[in-house]
Amino acid sequence: MAKQNIAEQFVDTLVRAGVSRVYGVVGDSLNPVTDAIRRHSRIDWIGVRHEESAAFAAGAEAQITGTLAACAGSCGPGNLHLVNGLYDAHRSMAPVLALASHIPSSEIGLDYFQATHPDRLFQECSHYSEMISNPKQMPRLLDTAIQHAVGRSGVSVVTLPGDVADEPAPETAAETAIVTSRPTVRPSDVEIDRLVAMIDEAEKVTLFCGSGTAGAHDEVIEFAGKIKSPIGHALRGKEWIQYDNPNDVGMSGLLGYGAAYEATHECDLLILLGTDFPYNAFLPDDVKIAQVDVRPEVIGRRSKLDLAVWGDVRETLRCLVPRVKEKTSRRFLDRMLKKHADALEGVVKAYTRKVDKHVPIHPEYVADVLDDMADDDAVFTVDTGMCNVWAARYLSPNGRRRIIGSFSHGSMANAMPMAIGAQFPDLNRQVISMSGDGGFTMLMGDFLTLVQHSLPVKVVLFNNSSLNMVKLEMMVAGLPSYGTANKNPDFAAVARACGAFGVRVEKPKELAGALKEAFQHRGPALVDVVTDPNALSIPPKISAEMVSGFALSASKMVLEGGVGRMLQMARSNLRNVPRP
């Protein structure tokens with residue numbers, strides 16, 4: 001049997017850890033590794049057009065499967081392109097192993113062609129970033145990187161010079177067991193006792209849930225039912241907790257809706273379950289707060305805390321349910337449910353009623369129809385910006401659907417590359433990229449990746465020829481929009497030129513038929529929907545400063561001769577602006 005080199009040992013170790021594919025762009029410093037993948041029967045190389053897409057794809061695959069995923073970049077600029085996608089994966093707690101190949105080891109530190117220091121560059125977006133400079137570091141260093149990624153739910157980066165990858169693997173290297181799953185964490189009895197006491201003493205309790213409630217849906221519902229608690233959620237908690245939830249009061253934050261804000265502010269005790277919700281302006285400062293999280297480093301960094309509980313949400317609730325006293329009064333819960341229903345009837349549904357003749361098409365209407373027509377187990381990947389808003393407000397989780405996006409990192413251009421990684425594990429599952437025209441055009445080259453690999457991803461393009469979230473931010477600041485307009489092509493024609501299905505929709509009555517045709521197409525498809533550029537998101541709780549900003553922006557538009565534009569915007573939005 002021929003002796004293994006380091007690259008072959010590297011690939012074998014990835015396979016033992018459950019990795020089925022590596023996303024990346026080939027390059028000479030990667031040659032030993034890509035050739036080892038070519039010759040291995042249990043792992044594939046997935047070529048993309050930009051390394052940033054490779055990192056986004058790996059992060060998405062890890063979130064969909066819950067297992068380790070991998071990406072790679074060649075030396076210098078190649079692996080440098082991974083940075084943004086790896087930041088996103090790391091902040092999304094996605095277990096990803098990134099291979100950063102490197103310049104020849106003899107040239108490190110000598111300002112060689114394409115020289116960088118990847119082992120330093122990736123430190124901030126990883127739990128582990130080290131370089132293999134000696135073959136005897138293998139396979140221990142790679143095992144350690146994998147266990148950091150899996151055990152701490154994030155990114156590990158291994159830097160490997162191309163010449164070291166081609167060297168013989170050490171003969172005495174032992175094949176060790178690798179950690180490939182996380183344990184459960186139960187809080188201490190002292191913390192459980194204190195939390196039980198706080199719950200029993202409180203008259204009105206609200207639960208606010210994040211992505212840490214994944215796998216704990218039934219426990220949350222049972223617990224809330226016993227203590228008669230409204231349940232609000234952050235964006236990353238939506239897919240795990242909104243469905244089959246009789247106590248749901250919506251979402252808080254800039255993209256929120258419903259009565260979650262009121263429920264978190266009008267309670268006696270707020271319990272944060274598995275959330276690192278970043279917008280502390282939307283959290284109360286005059287109620288008692290307890291926080292439950294498996295990551296102790298995030299506890300207490302967003303709000304003042306009366307109790308910190310270190311543990312899994314599911315294990316914590318399993319301890320609490322039999323011990324807390326059942327509350328008898330539903331007064332607070334029913335009042336919040338009524339506020340939630342009123343809010344939905346007013347603001348959230350305003351754009352989806354009587355809009356079958358509105359041109360340009362309301363983006364909310366597109367999201368509503370899309371939600372209705374998508375499969376019950378569809379995966380939605382969502383671009384940052386206004387698509388986040390429409391997904392948050394109109395997509396309906398059911399326990400089988402998945403909704404992923406750059407919800408913590410907030411990167412543009414994430415949706416379509418994420419769809420690549422979401423589709424590969426199951427080619428028969430419907431994957432829909434909710435893309436904005438700004439994000440889509442940033443990494444549009446990887447639409448060709450869908451075509452090249454015959455991936456049946458459906459790109460629904462919300463084409464308002466504008467960076468609309470930035471436009472909204474300018475308005476809130478009292479500024480007229482500037483630099484936010486995009487001059488776009490017919491994206492459906494571009495899709496067809498690439499060899500995919502493409503259809504353009506300019507009238508609401510054409511939408512359902514176009515989506516049906518795209519969904520039935522066996523390969524990649526793009527639906528270019530021309531949407532209203534004046535449709536803006538209004539936060540569920542608007543401040544006096546925001547209203548002043550809108551008014552100031554409006555007056556500037558009028559003073560600068562933009563009366564018609566302001567009138568269009570008023571017709572699209574201002575009837576829905578709540579009073580502070």
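The exercises below, each with a worked solution, concern local geometry in a predicted model.

Local features need pLDDT of at least 70 and side-chain atom pairs count only at pLDDT 80 or more, while totals for chains, interfaces and linings use all residues. Residues are numbered from 1 along each chain as its sequence is written, and side-chain values use heavy atoms, with hydrogens and water left out.

**Exercise 1.** Classify the packing of helix 3 against helix 17 and describe the contact.

Step 1. Helices (H or I, at least four residues) and strands (E, at least two) are DSSP runs, numbered from the N terminus. Helix 3 covers residues 51-65 and helix 17 covers residues 415-423.

Step 2. Their axes are 7 Å apart, at an angle of about 45 degrees. Axes are lines fitted to C-alpha atoms, for helices over the stretch in contact, and angles run from 0 to 180 degrees between N-to-C directions.

Step 3. The angle therefore makes helix 3 oblique to helix 17. Angles under 35 degrees count as roughly parallel, over 145 as roughly antiparallel, 65 to 115 as roughly perpendicular and the rest as oblique.

Step 4. From helix 3 the contact (heavy atoms within 4.5 Å) takes S53, F56, A57, A60, E61 and I64, and from helix 17 P417, M418, I420, G421 and A422.

Step 5. By class, these residues are eight nonpolar, two polar and one charged. Ala, Val, Leu, Ile, Met, Phe, Trp, Tyr, Cys and Pro count as nonpolar, Asp, Glu, Lys and Arg as charged, and the others, Gly among them, as polar.

**Exercise 2.** Determine whether the faces of strand 14 are covered, and find the bridge partner of V379.

Step 1. In a regular strand the side chains alternate between the two faces of the sheet.

Step 2. In strand 14 (residues 379-382), V379 and T381 lie on one side and F380 and V382 on the other; all are buried, and both faces are covered. Buried means under 20% relative accessible area, exposed over 50%, partly exposed in between (1.4 Å probe, protein chains only).

Step 3. Strand 14 pairs with strand 15 (residues 402-405) in the parallel sense over four bridges; pairing requires at least two DSSP bridges. The partner of V379 is R402.

**Exercise 3.** Locate two residues with positive phi, S153 and S465, and give their burial.

Step 1. S153, with phi of about 55 degrees, sits in the loop between helix 7 and strand 6 (155-161). S153 is buried, at 9% relative accessible area.

Step 2. S465, with phi near 50 degrees, sits in the loop between strand 17 (458-463) and helix 20 (468-476). S465 is partly exposed, at 29%.
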